[in-house]
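Hi there,

Here is the structure I promised to pass on to you. Please have a look at it first, and then read on for my notes.

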Amino acid sequence: MSFLPPVRDAPAAMAALLSVRRLRTAAVCRSYGGVAQLVDDLRAVVGDSNVSTAMAVREQHGRDESMHSCQPPDVVIWPQSTEHVSKVAKLCYTHNLPMIPFGTGTGLEGGVSALQGGVCFNLSRMDRILNLSADDFFVTVGPGVTRKTLNSYLRDCGLWFPVDPGADASLCGMAATSASGTNAVRYGTMRDNVINLEVVLPDGHVLNTAGKERSFRKTAAGYNLTSLFVGSEGTLGIITEATLRLYGVPEATACAVCAFPSVQAAVDSTVQILQNGIPIARIEFLDDVMIDACNRFNDLSFPALPTLFLEFHGTESGVKEQVQQTEQITRQNGGSDFNWARDQKESTKLWTARHNAWYAALALRPGCRGYSTDVCVPVSKLPQIIVETKEDLLTSRLTGPIAGHVGDGNFHCIMVLDLSDKQEVRKVKEFTDRLARRALALNGTCTGEHGIGVGKRTLLREEIGDVGIRAMKHIKATFDPKNLMNPGKVV
């Protein structure tokens with residue numbers, strides 16, 4: 001993790017990036033005879049109304065939901081088509097201009113920061129659903145389509161796209177960050193649900209990672225280019241289309257909340273549910289601090305105890321069987337009777353409360369900022385790491401309520417801190433580094449779903465080793481020899 005301070009306090013690495021930014025800006029001015037000519041060339045491609053150099057707009061596009069400081073691009077454009085993206089990429093490539101893709105700005109690792117300036121591609125106006133094949137269970141979407149928009153569109157055909165990171169993120173942005181969320185325990189992450197991608201490479205060439213318009217369920221045809229770009233965080237190319245796997249809407253669903261006497265009991269129940277092969281759709285953990293915050297923020301009245309939110313999908317009889325098996329396990333671990341959502345309205349309220357956990361945590365300390373960790377470990381190691389993390393939080397006297405997608409070993413400490421308190425900032429950084437290294441020591445990862453971005457590059461090296469980093473750098477250099485695609489991120 002890295003908290004990026006103001007420029008005057010920047011470490012050497014950040015200073016070097018800013019130096020590169022100044023050199024590149026100067027080079028652009030020389031190449032064009034001034035920024036005005038660059039803007040004119042961009043307007044000639046995407047139209048006058050789709051280019052902005054206004055400082056407020058640039059600053060909006062130089063930050064996400066993370067704590068990393070704003071690094072605005074030099075200009076923001078709104079392309080309307082893959083052709084627009086390709087033409088502008090060729091222009092940027094010719095003049096050595098960095099390119100930064102922008103979706104909805106909901107990332108949590110500073111992935112949209114324009115560390116070296118350049119052109120920000122806001123893809124929100126490329127928002128068409130391009131091809132739906134209900135019979136083959138796939139859909140192709142433009143980069144401006146969000147997950148809620150897609151599921152609203154699918155409502156009448158009995159299908160849905162289940163990957164749900166909480167925020168109404170753009171689907172291509174979710175592919176770029178390998179997003180996950182509450183349904184991953186049953187339906188997998190973006191990496192499991194992307195069939196094909198259309199990507200504009202740094203030099204403007206257009207790549208279809210599985211072949212143009214192909215949408216097969218499996219393949220053994222060469223290198224897996226699709227998975228290479230899922231999770232690449234805009235460092236290899238700009239995703240302009242995604243073909244996604246769809247699922248049938250389940251016949252029956254059931255949602256429940258169960259409280260436990262201890263963190264250990266709640267997490268032990270999670271592990272045992274999975275070990276018994278129960279195909280649970282969602283199983284979310286909230287510690288006592290987090291459930292209390294959610295109660296206050298959402299006007300709920302759950303006991304302020306370690307709690308599991310559970311959801312079951314299937315046929316009527318299948319859901320009934322899953323519930324019976326799960327209740328037996330939770331009772332053996334001291335869990336309360338299930339508190340059921342009686343209808344869809346109550347179910348929506350329950351899961352809205354879970355998705356609002358970030359804002360509920362921030363409300364514990366008004367005026368403070370938040371940083372969300374997202375380590376992931378083998379499921380059998382969950383009880384150990386969550387108990388140790390809870391003890392660390394108490395000993396460190398830090399505000400960091402825990403919420404997690406514990407069904408796949410992933411959990412978050414939502415750290416709430418006063419950025420003006422340098423001692424608290426230092427303590428939070430030390431805690432989050434300890435947490436990440438605790439996960440690595442248990443054969444886990446420093447990021448289950450948020451990505452590397454700016455802040456976790458050192459941890460990535462510790463996770464995959466020098467040989468792994470060299471391999472990634474070779475891949476980056478092959479696709480992006482000029483280091484123009486979202487520079488300063490991942491590797």
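Below is what I found in it, starting with the sheet and ending with the cavity.

Please keep in mind that this is a predicted model.

The sheet is an open one of 7 strands, paired antiparallel, in the order β15-β12-β14-β13-β17-β18-β16. Its edges are formed by β15 (339-340) and β16 (369-372), each of which has a partner on one side only. For β16, strand β18 (residues 410-417) runs antiparallel to it, and 4 bridges join the two. Within that pair, R369 sits opposite L417 in β18.

Two helices to look at are α10 and α16. Helix α10 (residues 263-275) packs on the sheet through contacts with β13 (282-286) and β14 (307-314), and its direction makes about 165 degrees with that of β13. Helix α16 also packs on the sheet, where it touches β16 and β18; the angle between its direction and that of β18 is about 170 degrees.

Staying with α16, which covers residues 422-441, you will find L440 in this helix. L440 counts as buried because its relative accessible area is 18%, under the 20% cut-off. Leaving aside residues up to four places away in sequence, L440 touches T445, C446, L459, E462 and E463.

Finally, the structure holds 1 cavity of 30 Å³ or more, and the volume of the largest cavity is about 60 Å³. It is lined by 10 residues, with Y371, T373, T432, A436 and K456 the closest to its centre. By type, the lining has 6 nonpolar, 2 polar and 2 charged residues.

Happy exploring, and best wishes!

How values were computed
Residues are numbered from 1 along each chain as its sequence is written. This is a predicted model: local features need pLDDT of at least 70, side-chain atom pairs count only at pLDDT 80 or more; totals for chains, interfaces and linings use all residues. Side-chain values use heavy atoms; hydrogens and water are left out. On a 1 Å grid over the protein atoms alone, a cavity is a set of points where a 1.4 Å probe fits but cannot get out, and a pocket is an open set with protein on both sides within 12 Å along at least five of seven lines; lining residues have an atom within 4 Å of a point. Grid points are joined across faces, edges and corners, and a volume is the space filled by probe spheres set on the points. Ala, Val, Leu, Ile, Met, Phe, Trp, Tyr, Cys and Pro count as nonpolar, Asp, Glu, Lys and Arg as charged, and the others, Gly among them, as polar. Buried means under 20% relative accessible area, exposed over 50%, partly exposed in between (1.4 Å probe, protein chains only). Contact means heavy atoms within 4.5 Å. Two strands pair if DSSP finds at least two bridges between them. Axes are lines fitted to C-alpha atoms, for helices over the stretch in contact, and angles run from 0 to 180 degrees between N-to-C directions.
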